[in-house]
Amino acid sequence: MSAMRVLKCDLTVIGTGMAGSAAALFAASRGLKVVQVGRSAEIIFASGLLDVLAVHPVAEKKKWRDPWAGIRALVQDCPAHPYARIQTGAIKAGIKEFLDFMEGAGLAYRRHAGRNVEILTSMGTVKLTHAVPETMWPGAEALKKKDPCLLIDFRGLKGVSARQIAQVQKRRWPDLRLACLEFPEMEGFSEVYTERMARALESSRYRHKLATAIKARLAGAKAVGLPAMLGISNSRQVAADLAERIGAGLFEIPGMPPSVPGLRLKEAFERSLPAIGVTLFSQEQVFDVSHKEGRGFVLGIGRAEVEQTVQSKGVVLATGRFIGGGLHAGRQRIRETLFNLPVYQPADRRCWHRKEFLDPRGHPINSTGLQIDDLFRPLGKNKQPAFEMLFAAGSILAHQDWIRAKCGSGLAIATAFAAVDAFLRI
Ligand SMILES: Cc1cc2nc3c(=O)[nH]c(=O)nc-3n(C[C@H](O)[C@H](O)[C@H](O)COP(=O)(O)OP(=O)(O)OC[C@H]3O[C@@H](n4cnc5c(N)ncnc54)[C@H](O)[C@@H]3O)c2cc1C
(Lines give C-alpha, C1' and ligand atoms only; values in the text may rest on other atoms or scores of the structure.)
Protein backbone atom coordinates (compact mmCIF):
# COMPACT_ATOMS: atom_id res chain seq x y z
CA MET A 1 0.00 0.00 0.00
CA SER A 2 1.60 3.31 -1.03
CA ALA A 3 1.69 6.40 1.20
CA MET A 4 -0.03 8.28 -1.67
CA ARG A 5 -3.28 6.49 -0.94
CA VAL A 6 -3.58 7.59 2.70
CA LEU A 7 -6.56 9.89 3.16
CA LYS A 8 -6.30 12.15 6.22
CA CYS A 9 -9.35 13.47 8.06
CA ASP A 10 -10.56 14.77 11.42
CA LEU A 11 -13.29 12.24 12.01
CA THR A 12 -14.17 8.87 10.48
CA VAL A 13 -17.76 7.73 10.98
CA ILE A 14 -18.17 3.96 10.67
CA GLY A 15 -21.76 3.18 9.72
CA THR A 16 -24.23 4.56 7.18
CA GLY A 17 -27.40 3.94 9.19
CA MET A 18 -29.37 6.63 11.00
CA ALA A 19 -26.70 7.16 13.67
CA GLY A 20 -23.74 7.21 11.27
CA SER A 21 -25.47 9.51 8.80
CA ALA A 22 -26.56 11.90 11.55
CA ALA A 23 -22.99 11.95 12.95
CA ALA A 24 -21.54 12.67 9.48
CA LEU A 25 -24.06 15.47 9.02
CA PHE A 26 -23.33 17.11 12.40
CA ALA A 27 -19.55 16.81 11.99
CA ALA A 28 -19.40 18.14 8.41
CA SER A 29 -21.75 21.03 9.30
CA ARG A 30 -19.26 22.07 11.99
CA GLY A 31 -16.43 22.29 9.50
CA LEU A 32 -14.75 18.96 10.24
CA LYS A 33 -13.14 16.90 7.48
CA VAL A 34 -15.26 13.75 7.59
CA VAL A 35 -14.94 10.27 6.07
CA GLN A 36 -17.98 7.96 6.33
CA VAL A 37 -17.96 4.23 5.57
CA GLY A 38 -20.72 1.63 5.63
CA ARG A 39 -22.71 -1.07 3.91
CA SER A 40 -26.48 -0.96 3.51
CA ALA A 41 -28.01 -0.38 6.89
CA GLU A 42 -31.10 -1.28 8.86
CA ILE A 43 -32.38 1.99 7.53
CA ILE A 44 -33.76 0.40 4.35
CA PHE A 45 -36.03 -1.71 6.58
CA ALA A 46 -37.18 1.24 8.67
CA SER A 47 -40.68 2.68 8.41
CA GLY A 48 -39.41 6.23 7.94
CA LEU A 49 -41.12 7.34 11.15
CA LEU A 50 -38.92 9.24 13.58
CA ASP A 51 -39.56 7.99 17.11
CA VAL A 52 -38.08 9.86 20.08
CA LEU A 53 -39.80 8.00 22.91
CA ALA A 54 -43.30 6.59 23.09
CA VAL A 55 -43.23 3.73 25.62
CA HIS A 56 -41.81 3.53 29.15
CA PRO A 57 -41.64 1.36 31.20
CA VAL A 58 -41.79 -1.22 28.43
CA ALA A 59 -43.03 -3.92 30.82
CA GLU A 60 -46.12 -1.80 31.55
CA LYS A 61 -46.43 -0.63 27.92
CA LYS A 62 -47.10 2.84 29.28
CA LYS A 63 -47.48 5.25 26.36
CA TRP A 64 -46.32 8.86 26.37
CA ARG A 65 -47.99 11.60 24.35
CA ASP A 66 -45.26 13.99 25.49
CA PRO A 67 -41.92 12.38 24.55
CA TRP A 68 -39.93 14.82 26.70
CA ALA A 69 -41.91 13.93 29.82
CA GLY A 70 -41.37 10.28 28.85
CA ILE A 71 -37.61 10.81 28.63
CA ARG A 72 -37.60 12.51 32.05
CA ALA A 73 -39.29 9.44 33.56
CA LEU A 74 -37.00 7.07 31.64
CA VAL A 75 -33.72 8.65 32.77
CA GLN A 76 -34.93 8.73 36.35
CA ASP A 77 -35.76 5.01 36.25
CA CYS A 78 -32.78 3.94 34.06
CA PRO A 79 -29.78 6.19 34.78
CA ALA A 80 -27.56 4.03 32.54
CA HIS A 81 -29.76 4.71 29.48
CA PRO A 82 -27.86 6.72 26.80
CA TYR A 83 -30.54 9.45 26.94
CA ALA A 84 -29.50 10.04 30.57
CA ARG A 85 -26.14 11.42 29.35
CA ILE A 86 -27.67 14.11 27.11
CA GLN A 87 -29.45 17.29 28.16
CA THR A 88 -33.01 17.50 26.80
CA GLY A 89 -32.05 20.76 25.06
CA ALA A 90 -29.30 18.94 23.15
CA ILE A 91 -31.65 16.10 22.11
CA LYS A 92 -34.12 18.69 20.79
CA ALA A 93 -31.37 20.67 19.03
CA GLY A 94 -29.99 17.53 17.36
CA ILE A 95 -33.40 16.43 16.11
CA LYS A 96 -34.23 19.90 14.81
CA GLU A 97 -30.91 20.17 12.96
CA PHE A 98 -31.46 16.70 11.49
CA LEU A 99 -35.01 17.50 10.34
CA ASP A 100 -33.92 20.85 8.83
CA PHE A 101 -31.21 19.03 6.89
CA MET A 102 -33.66 16.38 5.64
CA GLU A 103 -36.04 19.11 4.48
CA GLY A 104 -33.18 20.66 2.50
CA ALA A 105 -32.46 17.19 1.08
CA GLY A 106 -36.05 17.01 -0.23
CA LEU A 107 -37.41 14.79 2.56
CA ALA A 108 -39.53 17.00 4.77
CA TYR A 109 -40.98 15.75 8.06
CA ARG A 110 -43.97 17.11 10.02
CA ARG A 111 -44.55 17.01 13.77
CA HIS A 112 -46.51 18.65 16.58
CA ALA A 113 -44.72 21.02 18.91
CA GLY A 114 -44.03 19.09 22.11
CA ARG A 115 -46.19 16.02 21.62
CA ASN A 116 -46.20 12.76 19.72
CA VAL A 117 -48.51 12.23 16.78
CA GLU A 118 -50.80 9.21 16.21
CA ILE A 119 -50.32 7.42 12.92
CA LEU A 120 -52.09 4.44 11.34
CA THR A 121 -49.81 1.49 10.56
CA SER A 122 -50.15 -1.17 7.87
CA MET A 123 -51.30 -3.61 10.59
CA GLY A 124 -54.26 -1.35 11.37
CA THR A 125 -52.82 -0.39 14.73
CA VAL A 126 -52.19 3.19 15.81
CA LYS A 127 -48.63 4.14 16.68
CA LEU A 128 -47.36 7.16 18.62
CA THR A 129 -44.31 8.73 17.01
CA HIS A 130 -42.51 12.07 17.06
CA ALA A 131 -42.21 13.07 13.40
CA VAL A 132 -43.56 11.62 10.15
CA PRO A 133 -42.62 12.13 6.50
CA GLU A 134 -44.89 14.84 5.12
CA THR A 135 -46.39 12.31 2.69
CA MET A 136 -47.86 10.53 5.76
CA TRP A 137 -49.07 13.63 7.61
CA PRO A 138 -52.54 13.94 5.98
CA GLY A 139 -53.15 10.42 7.36
CA ALA A 140 -52.59 11.67 10.91
CA GLU A 141 -55.09 14.48 10.28
CA ALA A 142 -57.65 12.12 8.74
CA LEU A 143 -57.24 9.69 11.65
CA LYS A 144 -57.84 12.49 14.16
CA LYS A 145 -60.97 13.78 12.42
CA LYS A 146 -62.18 10.34 11.25
CA ASP A 147 -62.83 11.76 7.80
CA PRO A 148 -64.57 9.55 5.24
CA CYS A 149 -61.56 7.79 3.82
CA LEU A 150 -60.80 5.38 0.99
CA LEU A 151 -58.00 2.86 1.55
CA ILE A 152 -56.37 1.33 -1.51
CA ASP A 153 -55.09 -2.23 -1.80
CA PHE A 154 -53.09 -3.34 -4.83
CA ARG A 155 -53.54 -6.78 -6.30
CA GLY A 156 -50.32 -8.75 -5.84
CA LEU A 157 -48.87 -6.50 -3.10
CA LYS A 158 -47.87 -8.38 0.05
CA GLY A 159 -47.50 -6.99 3.57
CA VAL A 160 -50.17 -4.24 3.47
CA SER A 161 -53.86 -5.03 3.65
CA ALA A 162 -56.45 -2.26 3.61
CA ARG A 163 -58.99 -4.91 4.57
CA GLN A 164 -57.07 -5.68 7.77
CA ILE A 165 -56.72 -1.98 8.61
CA ALA A 166 -60.45 -1.42 8.17
CA GLN A 167 -61.22 -4.52 10.24
CA VAL A 168 -59.01 -3.42 13.15
CA GLN A 169 -60.24 0.19 13.00
CA LYS A 170 -63.94 -0.40 12.31
CA ARG A 171 -65.19 0.75 15.75
CA ARG A 172 -62.91 3.76 15.96
CA TRP A 173 -63.15 4.90 12.34
CA PRO A 174 -66.41 3.61 10.81
CA ASP A 175 -66.23 5.46 7.48
CA LEU A 176 -63.22 3.60 6.13
CA ARG A 177 -63.89 2.21 2.67
CA LEU A 178 -61.82 -0.15 0.58
CA ALA A 179 -60.85 -0.48 -3.05
CA CYS A 180 -58.60 -3.12 -4.55
CA LEU A 181 -56.91 -1.90 -7.74
CA GLU A 182 -54.43 -3.22 -10.26
CA PHE A 183 -51.37 -1.01 -10.48
CA PRO A 184 -51.24 0.56 -13.97
CA GLU A 185 -49.30 -1.52 -16.49
CA MET A 186 -48.78 -4.27 -13.90
CA GLU A 187 -52.21 -5.81 -14.46
CA GLY A 188 -52.19 -9.57 -14.01
CA PHE A 189 -48.85 -9.62 -12.16
CA SER A 190 -49.02 -12.19 -9.34
CA GLU A 191 -46.65 -10.08 -7.21
CA VAL A 192 -45.96 -6.35 -7.25
CA TYR A 193 -43.43 -4.42 -5.15
CA THR A 194 -43.66 -0.96 -3.60
CA GLU A 195 -40.18 0.10 -4.74
CA ARG A 196 -41.05 -0.59 -8.38
CA MET A 197 -44.42 1.15 -8.03
CA ALA A 198 -42.78 4.14 -6.32
CA ARG A 199 -40.29 4.54 -9.15
CA ALA A 200 -43.10 4.19 -11.73
CA LEU A 201 -45.11 6.96 -10.02
CA GLU A 202 -42.25 9.38 -10.65
CA SER A 203 -43.58 9.41 -14.22
CA SER A 204 -46.74 11.46 -14.87
CA ARG A 205 -48.07 8.72 -17.18
CA TYR A 206 -48.49 6.34 -14.22
CA ARG A 207 -49.84 9.08 -11.97
CA HIS A 208 -52.49 9.93 -14.54
CA LYS A 209 -53.59 6.29 -14.88
CA LEU A 210 -53.61 5.66 -11.13
CA ALA A 211 -55.47 8.91 -10.37
CA THR A 212 -58.15 8.01 -12.93
CA ALA A 213 -58.65 4.58 -11.31
CA ILE A 214 -58.82 6.04 -7.78
CA LYS A 215 -61.16 8.89 -8.78
CA ALA A 216 -63.64 6.38 -10.15
CA ARG A 217 -63.85 4.81 -6.64
CA LEU A 218 -63.76 8.01 -4.57
CA ALA A 219 -67.53 8.40 -3.91
CA GLY A 220 -67.11 11.50 -1.72
CA ALA A 221 -64.16 10.29 0.37
CA LYS A 222 -62.18 13.23 1.70
CA ALA A 223 -58.90 11.35 2.02
CA VAL A 224 -57.21 8.44 0.26
CA GLY A 225 -54.67 6.15 1.98
CA LEU A 226 -52.10 4.17 -0.01
CA PRO A 227 -49.13 1.99 0.94
CA ALA A 228 -45.93 4.07 1.17
CA MET A 229 -45.05 4.23 -2.54
CA LEU A 230 -45.31 7.87 -3.67
CA GLY A 231 -41.95 8.17 -5.43
CA ILE A 232 -38.42 7.85 -4.08
CA SER A 233 -36.40 10.99 -4.80
CA ASN A 234 -39.28 13.46 -5.27
CA SER A 235 -42.07 12.16 -3.03
CA ARG A 236 -43.31 15.69 -2.22
CA GLN A 237 -44.05 16.45 -5.90
CA VAL A 238 -45.45 12.97 -6.60
CA ALA A 239 -47.85 13.21 -3.64
CA ALA A 240 -48.96 16.78 -4.47
CA ASP A 241 -49.55 16.00 -8.15
CA LEU A 242 -51.47 12.79 -7.46
CA ALA A 243 -53.62 14.47 -4.77
CA GLU A 244 -54.51 17.25 -7.19
CA ARG A 245 -55.44 14.82 -9.95
CA ILE A 246 -57.62 12.81 -7.52
CA GLY A 247 -59.15 15.87 -5.87
CA ALA A 248 -58.82 14.58 -2.28
CA GLY A 249 -56.28 14.46 0.51
CA LEU A 250 -53.71 11.71 -0.05
CA PHE A 251 -51.51 9.95 2.48
CA GLU A 252 -49.04 7.08 2.73
CA ILE A 253 -49.39 4.30 5.30
CA PRO A 254 -46.03 3.12 6.70
CA GLY A 255 -45.53 -0.51 5.76
CA MET A 256 -43.51 -3.61 6.30
CA PRO A 257 -39.84 -3.86 5.28
CA PRO A 258 -38.20 -3.44 2.83
CA SER A 259 -39.64 0.04 2.87
CA VAL A 260 -39.84 2.89 0.38
CA PRO A 261 -39.46 5.58 3.11
CA GLY A 262 -36.30 3.76 4.27
CA LEU A 263 -34.95 3.81 0.71
CA ARG A 264 -35.75 7.51 0.49
CA LEU A 265 -33.68 8.16 3.60
CA LYS A 266 -30.78 6.13 2.25
CA GLU A 267 -30.83 7.88 -1.12
CA ALA A 268 -31.21 11.32 0.49
CA PHE A 269 -28.13 10.70 2.67
CA GLU A 270 -26.13 9.46 -0.31
CA ARG A 271 -27.05 12.59 -2.30
CA SER A 272 -26.75 15.21 0.43
CA LEU A 273 -23.88 14.21 2.70
CA PRO A 274 -21.22 14.37 -0.07
CA ALA A 275 -22.71 17.77 -1.02
CA ILE A 276 -21.69 19.15 2.42
CA GLY A 277 -18.18 17.72 2.11
CA VAL A 278 -18.45 14.18 3.56
CA THR A 279 -16.18 11.70 1.76
CA LEU A 280 -18.56 8.74 1.58
CA PHE A 281 -17.48 5.15 1.01
CA SER A 282 -20.90 3.60 0.39
CA GLN A 283 -21.32 -0.19 0.35
CA GLU A 284 -17.79 -0.57 1.71
CA GLN A 285 -16.52 -1.74 5.06
CA VAL A 286 -13.73 -1.12 7.50
CA PHE A 287 -11.54 -4.21 7.52
CA ASP A 288 -9.02 -3.30 10.15
CA VAL A 289 -8.24 -0.53 12.59
CA SER A 290 -5.16 0.33 14.53
CA HIS A 291 -4.34 3.18 16.84
CA LYS A 292 -1.00 4.89 17.21
CA GLU A 293 -0.24 7.43 19.92
CA GLY A 294 0.10 10.86 18.31
CA ARG A 295 -1.17 9.67 14.87
CA GLY A 296 -4.71 8.69 15.77
CA PHE A 297 -6.51 5.87 14.00
CA VAL A 298 -5.48 4.11 10.81
CA LEU A 299 -8.37 2.35 9.06
CA GLY A 300 -8.38 0.00 6.08
CA ILE A 301 -11.48 0.39 3.87
CA GLY A 302 -12.65 -1.73 0.93
CA ARG A 303 -15.11 -4.29 -0.42
CA ALA A 304 -13.19 -7.54 -0.64
CA GLU A 305 -9.79 -6.19 0.42
CA VAL A 306 -8.31 -2.93 1.71
CA GLU A 307 -8.53 -0.38 -1.12
CA GLN A 308 -8.12 2.82 0.85
CA THR A 309 -6.23 3.70 4.02
CA VAL A 310 -7.61 6.50 6.16
CA GLN A 311 -5.79 8.27 8.95
CA SER A 312 -8.16 9.94 11.35
CA LYS A 313 -7.92 11.92 14.60
CA GLY A 314 -11.17 10.48 15.88
CA VAL A 315 -13.72 7.76 15.11
CA VAL A 316 -17.48 7.55 15.70
CA LEU A 317 -18.48 3.90 15.87
CA ALA A 318 -22.09 3.67 14.62
CA THR A 319 -22.04 0.07 13.46
CA GLY A 320 -25.42 -0.96 14.90
CA ARG A 321 -26.23 -4.20 16.67
CA PHE A 322 -26.72 -7.61 15.05
CA ILE A 323 -28.31 -6.65 11.70
CA GLY A 324 -25.88 -3.77 11.15
CA GLY A 325 -22.93 -5.97 12.09
CA GLY A 326 -21.50 -3.97 14.99
CA LEU A 327 -22.19 -6.86 17.37
CA HIS A 328 -21.85 -10.55 16.64
CA ALA A 329 -23.60 -13.23 18.65
CA GLY A 330 -21.23 -16.19 18.87
CA ARG A 331 -22.00 -19.54 20.42
CA GLN A 332 -21.13 -18.33 23.91
CA ARG A 333 -20.58 -14.60 23.94
CA ILE A 334 -21.56 -11.43 22.12
CA ARG A 335 -18.58 -9.52 20.78
CA GLU A 336 -17.97 -6.12 19.22
CA THR A 337 -16.66 -6.75 15.73
CA LEU A 338 -14.10 -3.99 14.98
CA PHE A 339 -12.23 -2.91 18.12
CA ASN A 340 -13.02 -5.98 20.20
CA LEU A 341 -14.47 -3.70 22.87
CA PRO A 342 -16.08 -5.21 25.98
CA VAL A 343 -19.81 -5.78 25.43
CA TYR A 344 -22.32 -5.43 28.27
CA GLN A 345 -24.32 -8.70 28.15
CA PRO A 346 -25.94 -11.35 30.32
CA ALA A 347 -23.50 -13.68 32.07
CA ASP A 348 -24.63 -16.67 30.06
CA ARG A 349 -26.20 -17.39 26.65
CA ARG A 350 -29.15 -19.08 28.39
CA CYS A 351 -30.12 -15.65 29.77
CA TRP A 352 -30.20 -13.88 26.38
CA HIS A 353 -33.91 -14.56 26.00
CA ARG A 354 -36.74 -14.97 28.46
CA LYS A 355 -38.90 -18.09 28.26
CA GLU A 356 -41.91 -16.34 26.75
CA PHE A 357 -41.26 -14.80 23.31
CA LEU A 358 -43.84 -12.08 23.98
CA ASP A 359 -42.69 -11.34 27.54
CA PRO A 360 -43.67 -7.66 28.02
CA ARG A 361 -40.32 -6.89 29.65
CA GLY A 362 -38.50 -7.74 26.40
CA HIS A 363 -35.34 -9.86 26.26
CA PRO A 364 -31.97 -9.07 27.89
CA ILE A 365 -30.21 -9.49 24.51
CA ASN A 366 -31.99 -6.33 23.37
CA SER A 367 -30.16 -4.21 25.93
CA THR A 368 -26.67 -5.51 25.16
CA GLY A 369 -24.01 -3.24 23.68
CA LEU A 370 -21.24 -0.82 24.51
CA GLN A 371 -21.07 0.97 27.82
CA ILE A 372 -19.88 4.55 27.55
CA ASP A 373 -18.68 7.47 29.66
CA ASP A 374 -20.36 10.90 29.70
CA LEU A 375 -18.46 11.81 26.50
CA PHE A 376 -19.89 8.81 24.64
CA ARG A 377 -16.57 6.97 24.65
CA PRO A 378 -16.85 3.15 24.87
CA LEU A 379 -15.28 1.76 28.00
CA GLY A 380 -12.38 -0.67 27.91
CA LYS A 381 -11.74 -3.59 30.25
CA ASN A 382 -10.56 -1.27 33.03
CA LYS A 383 -13.85 0.73 32.85
CA GLN A 384 -11.92 3.71 31.46
CA PRO A 385 -12.44 5.01 27.86
CA ALA A 386 -10.86 2.44 25.53
CA PHE A 387 -9.38 5.29 23.42
CA GLU A 388 -9.38 9.02 24.03
CA MET A 389 -10.92 9.79 20.63
CA LEU A 390 -13.21 6.80 19.99
CA PHE A 391 -16.93 7.58 20.36
CA ALA A 392 -20.03 5.44 19.88
CA ALA A 393 -23.60 6.27 18.81
CA GLY A 394 -26.84 4.56 17.88
CA SER A 395 -28.22 1.12 18.51
CA ILE A 396 -24.81 -0.36 19.44
CA LEU A 397 -25.11 1.38 22.83
CA ALA A 398 -26.04 -0.71 25.87
CA HIS A 399 -28.89 -0.26 28.35
CA GLN A 400 -31.59 0.58 25.79
CA ASP A 401 -34.28 -1.42 24.01
CA TRP A 402 -35.19 0.99 21.22
CA ILE A 403 -37.69 -1.32 19.53
CA ARG A 404 -39.90 -1.65 22.61
CA ALA A 405 -39.42 1.91 23.87
CA LYS A 406 -40.10 3.29 20.36
CA CYS A 407 -37.05 5.52 20.35
CA GLY A 408 -34.90 4.12 17.46
CA SER A 409 -34.22 7.12 15.26
CA GLY A 410 -34.37 9.70 18.05
CA LEU A 411 -31.78 7.80 20.05
CA ALA A 412 -29.57 7.40 16.97
CA ILE A 413 -29.70 11.12 16.14
CA ALA A 414 -29.33 12.37 19.72
CA THR A 415 -26.37 10.11 20.54
CA ALA A 416 -24.69 11.07 17.23
CA PHE A 417 -25.14 14.73 18.19
CA ALA A 418 -23.61 14.09 21.62
CA ALA A 419 -20.69 12.07 20.20
CA VAL A 420 -19.73 14.77 17.68
CA ASP A 421 -20.08 17.45 20.36
CA ALA A 422 -17.77 15.43 22.65
CA PHE A 423 -15.18 15.04 19.86
CA LEU A 424 -15.17 18.82 19.35
CA ARG A 425 -14.91 19.49 23.09
CA ILE A 426 -11.93 17.16 23.54
C1 LIG B 1 -37.46 -3.12 10.64
C2 LIG B 1 -37.07 -1.82 11.27
C3 LIG B 1 -38.04 -0.87 11.51
C4 LIG B 1 -37.69 0.35 12.10
N5 LIG B 1 -38.67 1.25 12.32
C6 LIG B 1 -38.36 2.40 12.94
C7 LIG B 1 -39.39 3.32 13.26
O8 LIG B 1 -40.58 3.11 12.96
N9 LIG B 1 -39.05 4.45 13.91
C10 LIG B 1 -37.76 4.72 14.29
O11 LIG B 1 -37.51 5.75 14.89
N12 LIG B 1 -36.77 3.86 14.00
C13 LIG B 1 -37.04 2.71 13.35
N14 LIG B 1 -36.05 1.81 13.07
C15 LIG B 1 -34.73 2.07 13.64
C16 LIG B 1 -33.76 2.94 12.88
O17 LIG B 1 -33.98 2.98 11.51
C18 LIG B 1 -32.32 2.47 13.06
O19 LIG B 1 -32.23 1.14 12.66
C20 LIG B 1 -31.85 2.49 14.44
O21 LIG B 1 -32.07 3.78 14.86
C22 LIG B 1 -30.37 2.07 14.55
O23 LIG B 1 -29.54 2.74 13.64
P24 LIG B 1 -27.96 2.62 13.69
O25 LIG B 1 -27.43 3.62 12.73
O26 LIG B 1 -27.46 2.66 15.08
O27 LIG B 1 -27.59 1.14 13.17
P28 LIG B 1 -27.76 0.42 11.75
O29 LIG B 1 -28.87 0.99 10.99
O30 LIG B 1 -27.75 -1.03 12.03
O31 LIG B 1 -26.43 0.79 10.95
C32 LIG B 1 -25.20 0.17 11.18
C33 LIG B 1 -24.23 0.58 10.11
O34 LIG B 1 -22.92 0.13 10.46
C35 LIG B 1 -22.32 -0.42 9.31
N36 LIG B 1 -21.20 -1.31 9.68
C37 LIG B 1 -21.17 -2.34 10.55
N38 LIG B 1 -19.92 -2.89 10.59
C39 LIG B 1 -19.17 -2.16 9.72
C40 LIG B 1 -17.80 -2.21 9.29
N41 LIG B 1 -16.95 -3.10 9.75
N42 LIG B 1 -17.38 -1.31 8.38
C43 LIG B 1 -18.22 -0.37 7.88
N44 LIG B 1 -19.51 -0.27 8.25
C45 LIG B 1 -19.98 -1.16 9.15
C46 LIG B 1 -23.45 -1.12 8.60
O47 LIG B 1 -23.08 -1.38 7.27
C48 LIG B 1 -24.51 -0.04 8.74
O49 LIG B 1 -24.32 0.96 7.76
C50 LIG B 1 -36.35 0.62 12.46
C51 LIG B 1 -35.37 -0.33 12.20
C52 LIG B 1 -35.73 -1.55 11.63
C53 LIG B 1 -34.65 -2.57 11.40
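## Lys209 and its partner

Lys209 is partly exposed, with a relative accessible area of 38%. On this scale, buried means under 20% relative accessible area, exposed means over 50%, and partly exposed lies in between (1.4 Å probe, protein chains only).

Before going on, please keep in mind that this is a predicted model: local features need pLDDT of at least 70 and side-chain atom pairs count only at pLDDT 80 or more, while totals for chains, interfaces and linings use all residues. Residues are numbered from 1 along each chain as its sequence is written, and side-chain values use heavy atoms, with hydrogens and water left out.

Which residue forms a salt bridge with Lys209? The partner is Glu185, and the closest N and O atoms are 2.9 Å apart. Lys209 belongs to helix α7 and Glu185 to the loop between β8 and α6, so the bridge ties together parts that are 24 residues apart in sequence. Helices (H or I, at least four residues) and strands (E, at least two) are DSSP runs, numbered from the N terminus. Glu185 is partly exposed, with a relative accessible area of 32%.

## Salt bridges and a shared network

Salt bridges that share partners join Arg65, Glu118 and Arg172 into one network. The rule asks for a side-chain nitrogen of Lys or Arg within 4 Å of a carboxyl oxygen of Asp or Glu, and the count comes to 25 salt bridges.

Within that network, the side chains of Glu118 and Arg65 meet at 3.1 Å, N to O. Glu118 lies in strand β4 (residues 117-120) and Arg65 in the loop between β2 (34-38) and α2 (67-77), so this bridge connects parts 53 residues apart in sequence. Glu118 counts as partly exposed at 23% relative accessibility, and Arg65 is also in that class, at 49%.

## Arg236 and its two carboxylate partners

Arg236 appears in two of the bridges. With Glu134 the N to O distance is 2.4 Å. This pair links distant parts of the chain: Glu134 sits in the loop between β6 (132-133) and α4 (137-145), Arg236 sits in helix α8 (residues 235-246), and 102 residues separate them. The second partner is Glu103, reached at 3.5 Å, N to O.

Buried, partly exposed or exposed: which class fits Arg236? Its relative accessible area is 41%, which makes Arg236 partly exposed. Glu134 is partly exposed as well, with 21%.

## Two domains

The domain assignment gives domain 1 (3-106 + 263-425) and domain 2 (137-253); such bounds come from an automatic or database domain assignment. Taken over C-alpha atoms, the domain centres are 35 Å apart. How many residues of each domain take part in the contact? Domain 1 brings 5 residues and domain 2 brings 10, where contact means heavy atoms within 4.5 Å.

About 600 Å² is buried between the domains, 37% of it on carbon and sulfur atoms. Leu263, Arg264 and Glu267 supply 74% of the area that domain 1 buries against domain 2, more than any other three residues. Buried area here is the accessible area (1.4 Å probe) that two parts lose on being put together, summed over both. The rule also finds 3 salt bridges across this interface.

## Leu265 in helix α9

Leu265 is located in helix α9 (residues 260-275). With a relative accessible area of 1%, Leu265 is buried. Neighbours within four places in sequence aside, the residues in contact with Leu265 are Met18, Ile43, Gly48, Met102, Leu107 and Tyr109. As a distance reference, Leu265 and Ile372 are 28 Å apart, C-alpha to C-alpha, and 107 residues apart in sequence.

## Aromatic rings

A pair of aromatic rings is described by the distance of the centres and the angle of the planes. Rings of Phe, Tyr and Trp (its six-membered ring) pair if their centres lie within 6.5 Å; planes under 30 degrees apart count as stacked, over 60 as edge-to-face and the rest as tilted. The count comes to 8 aromatic pairs.

One of them is the stacked pair of Phe183 and Tyr206, with 6.1 Å centre to centre and 15 degrees between the planes. Phe183 lies in the loop between β8 (176-181) and α6 (194-200) and Tyr206 in helix α7 (residues 204-215), 23 residues apart. Phe183 is buried at 1% relative accessible area, and Tyr206 counts as buried at 15%. Ring pairs link these two residues with Phe154 into a cluster.

## A charge over a ring

Finally, the charged end of Lys92 sits over the ring of Trp68, 5.0 Å from its centre. This label requires NZ of Lys or CZ of Arg within 6 Å of the ring centre and within 35 degrees of the ring normal.
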